[in-house]
Amino acid sequence: MAERPEDLNLPNAVITRIIKEALPDGVNISKEARSAISRAASVFVLANNFAMKGKRKTLNASDVLSAMEEMEFQRFVTPLKEALEAYRREQKGKKEASEQKKKDKDKKTDSEEQDKSREEDNDEDEERLDEEEQNEEEELDN
């Protein structure tokens, strides 16, 4: 496991081969772009090391942010943290809206079931009254 960010630099030939396989034919990429991709890959390798040290198999946001600080990308850490918080708030809002929608739907379903039950009860009451009237008429005829 690499202990220093410098140990994580991937060979340029490997990076170039991966990029060429991922891009369509005829597309060229600059040296700066290859370097950026190499550094980004190194960040995730380092983040994976942080997760492994924490005895976890899943990378989380704090692993990536710690790796970015370690790889001297501090200027990106604060904006990323802010974007992460905004994303989490948005997801929480969506979840709450979804739960509220489900509750409203359940209430509507319950209300419809109660209305249906009341209608059935009314129908039964009407049938019972009709039967009683018929019985009374029969008694009067007798």
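**Figure 1. The whole chain, element by element.** Helices (H or I, at least four residues) and strands (E, at least two) are DSSP runs, numbered from the N terminus. From the N terminus on, the chain reads α-α-α-α. That comes to 4 helices and 0 strands. This is a predicted model, in which local features need pLDDT of at least 70, side-chain atom pairs count only at pLDDT 80 or more, and totals for chains, interfaces and linings use all residues. Residues are numbered from 1 along each chain as its sequence is written, and side-chain values use heavy atoms, with hydrogens and water left out. The chain has 142 residues, and 14% of them count as buried (buried means under 20% relative accessible area, exposed over 50%, partly exposed in between, with a 1.4 Å probe and protein chains only). Take the contacts (heavy atoms within 4.5 Å) between residues at least 6 apart in sequence: 41% of them join residues at least 24 apart.

**Figure 2. Helix H1 against helix H2.** H1 covers residues 12–22. Its axis lies 10 Å from that of H2, and the two helices pack at an angle of about 100° (axes are lines fitted to C-alpha atoms, for helices over the stretch in contact, and angles run from 0 to 180 degrees between N-to-C directions). H1 and H2 are therefore roughly perpendicular to each other (65 to 115 degrees; under 35 is roughly parallel, over 145 roughly antiparallel, and the rest oblique). H1 brings Ile-15, Thr-16 and Ile-19 to the contact. H2 brings Arg-34, Ile-37 and Ser-38. By class, this contact has 3 nonpolar, 2 polar and 1 charged residues (Ala, Val, Leu, Ile, Met, Phe, Trp, Tyr, Cys and Pro count as nonpolar, Asp, Glu, Lys and Arg as charged, and the others, Gly among them, as polar).

**Figure 3. Helix H2 crossing helix H3.** H2 spans residues 31–53 and H3 spans residues 61–70. Their axes come within 8 Å and cross at roughly 120°. H2 and H3 are therefore oblique to each other. Their crossing is right-handed (the near helix is turned clockwise from the far one by less than a right angle; anticlockwise would be left-handed). On the H2 side, the contact holds Val-43, Phe-44, Leu-46, Ala-47, Phe-50 and Ala-51. On the H3 side, the residues are Asp-63, Val-64, Ser-66, Ala-67, Met-68 and Glu-70. The contact of H2 with H3 counts 9 nonpolar, 1 polar and 2 charged residues.

**Figure 4. Inside and around helix H3.** Asp-63, Val-64, Leu-65, Ala-67 and Met-68 of H3 are buried. Val-64 can be set against Asn-48, a residue of helix H2. Asn-48 and Val-64 are 16 residues apart in sequence, with 8.2 Å between their C-alpha atoms. Asn-48 is partly exposed, at a relative accessible area of 31%. Glu-69 also belongs to H3. Glu-69 is partly exposed, at 36% relative accessibility. Its C-alpha atom is 9.3 Å from that of Val-43, and the two residues are 26 apart along the chain. Leaving out residues up to four places away in sequence, Glu-69 touches Gln-74, Val-77 and Lys-81.

**Figure 5. Two loop residues with positive phi.** Most residues other than glycine have a negative phi. Lys-55 is not a glycine, yet its phi is positive, about 55°. Lys-55 sits in the loop between H2 and H3. At 79% relative accessibility, Lys-55 counts as exposed. Glu-72 is not a glycine either, and its phi is positive too, about 65°. Glu-72 comes just after H3, in the loop between H3 and helix H4 (74–141). Glu-72 is exposed, with a relative accessible area of 59%.

**Figure 6. The aromatic pair.** The structure holds 1 aromatic pair. Its partners are Phe-73 and Phe-76. Their ring centres lie 6.0 Å apart, with 55° between the planes, and the pair is tilted (rings of Phe, Tyr and Trp, taking its six-membered ring, pair if their centres lie within 6.5 Å; planes under 30 degrees apart count as stacked, over 60 as edge-to-face and the rest as tilted). Phe-73 is buried, at 17% relative accessibility. Phe-76 is partly exposed, at 36%.
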